[in-house]
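Trainee: I am new to this structure and would like a close look at one part of it. Please pick a helix, go through its surroundings, and then work outwards.

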Amino acid sequence: MSDTETASLLRDIRILVVDDEPDLRMGLTRLLRSAGAAVSDAASAEEARAHLENATADIVLSDIRMTGMTGVELLRFVRTQFPATEVALMTAYGSIELAVECLQAGAAHFITKPFDNDDLLTTLARIGKAIVAGRSGGGRDGRMVGRGEQRHPERNDCLLYTSDAADEE
């Protein structure tokens with residue numbers, strides 16, 4: 001996906017970034033805004049829940065390990081209360097078991113840290129493309145599996161994402 005295509009897809013998307021690390025949260029917010037997305041941020045899953053009660057988000061991009069409520073707990077809340085909102089979870093402590101748990105709970109993507117910024121933007125643009133298609137009456141058909149992604153074995157609508165950096169470790 002070209003930078004132009006990514007920016008075009010992200011400009012219609014509202015993303016809520018949730019991470020208790022201020023530097024990472026700020027960096028992700030700047031990256032996504034520079035790509036054209038409308039971005040809000042929250043320092044905790046509890047703060048994200050409060051935000052979602054008052055404003056909509058198309059995608060929640062959340063860390064898994066945070067103090068208080070975890071990203072997996074936030075995922076379950078979002079899937080129950082805001083089923084049209086997609087959730088992508090990220091962690092530096094990924095395992096196959098955790099990825100499967102998250103995908104079975106309804107995560108659109110599981111992202112391992114460290115990640116490549118371009119790969120992250122491409123992944124979020126793909127989620128955004130499905131959201132925009134859904135708004136216009138289309139479905140999720142035609143989602144391609146790209147480099148570093150695999151279809152979830154039980155859910156064809158989910159992709160498992162791993163960055164090249166994680167593969168090298």
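Mentor: Start with helix α4, residues 71-81. Its buried residues are G71, V72, L74, L75, F77 and V78. Keep in mind that this is a predicted model. An α-helix has 3.6 residues a turn, so residues three or four places apart point the same way. Now look at what those buried residues meet. They pack against β1 (14-18), α3, β3, β4 (86-91) and α5 (96-104). We will visit several of these elements in turn.

Take F77 on this helix. F77 is buried because its relative accessible area is 11%, and the cut-off for buried is under 20%. The structure holds one aromatic pair. F77 and F82 form that pair. Their ring centres lie 5.9 Å apart, and the planes meet at 65°, which makes the pair edge-to-face. F82 has a relative accessibility of 23%, so F82 counts as partly exposed. F77 has a charged neighbour too. R49 lies over the face of F77, 3.9 Å from the ring centre. Another arginine is placed over a ring elsewhere. R65 lies over the face of Y93, at 3.9 Å from the ring centre.

Next, go to G71, at the start of the residue range of α4. G71 is one of the residues that D63 touches. D63 sits in strand β3, residues 59-63. Is D63 buried or exposed? D63 is buried, since its relative accessible area is 4%. Leaving out residues up to four places away in sequence, D63 also touches V18, D19, D20, M90, T91 and K113. One of these neighbours deserves a second look. The side chains of D63 and K113 make a polar contact at 3.3 Å.

K113 leads on to the backbone. The peptide bond between K113 and P114 is cis, with omega about 0°. Most residues other than glycine have a negative phi, and most peptide bonds are trans. P114 lies in the loop between β5 (109-112) and α6.

That loop brings us to α6, residues 117-135. Helix α6 has 19 residues. From first C-alpha to last, α6 reaches 27 Å, close to the 27 Å expected at 1.5 Å a residue. At its start, a side-chain oxygen of D116 comes to within 3.0 Å of the backbone nitrogen of D118. Many names appear in its buried list. Among them are D119, L120, L121, T122, T123 and L124. The list also includes A125, R126, I127, G128, A130 and I131.

Now return to β1, one of the elements that α4 packs against. Use A42 as a guide. A42 lies in strand β2, residues 38-42. A42 is buried, because its relative accessible area is 0%. A42 and L16 are 26 residues apart in sequence, yet their C-alpha atoms are 7.3 Å apart in space. Leaving aside neighbours within four places, A42 is in contact with L16, V17, V18, D19, R25, E47 and A48.

L16 gives a second distance. A55 and L16 are 39 residues apart in sequence and 9.9 Å apart in space, C-alpha to C-alpha. A55 is found in the loop between α3 (45-54) and β3. A55 is partly exposed, as its relative accessible area is 30%.

V17, a contact of A42, is also touched by T29. T29 is found in helix α2, residues 22-34. T29 counts as buried because its relative accessibility is 6%. Setting aside residues up to four places away, T29 touches V39 and D41 as well.

Finally, step back to the whole chain. There are seven helices and seven strands. From the N terminus on, the elements run α-β-α-β-α-β-α-β-α-β-α-β-β-α. Of the 169 residues, 47% count as buried. Consider contacts between residues at least 6 apart in sequence. Of these, 64% join residues at least 24 apart. The contact of A42 with L16 spans 26 residues in sequence. The chain exposes about 8,300 Å², and carbon and sulfur atoms supply 49% of that area.

Technical notes: Residues numbered from 1 in each chain as written. Predicted model: local features only at pLDDT ≥ 70, side-chain atom pairs only at ≥ 80, totals over all residues. Heavy atoms only, no water. Helix = DSSP H or I, 4+ residues; strand = E, 2+ residues; numbered from the N terminus. Expected span 1.5 Å × (residues − 1). Buried < 20%, exposed > 50% of the residue type's maximum accessible area, 1.4 Å probe, protein only. Polar contact = N/O pair within 3.5 Å; in protein donor to acceptor, adjacent residues only side chain to side chain. Contact = heavy atoms within 4.5 Å. Phe/Tyr/Trp six-rings, centres within 6.5 Å; stacked < 30°, edge-to-face > 60°. Lys NZ or Arg CZ within 6 Å of the ring centre and 35° of its normal. Areas by Shrake-Rupley, 256 points an atom, 1.4 Å probe, with all protein chains shown as cover.
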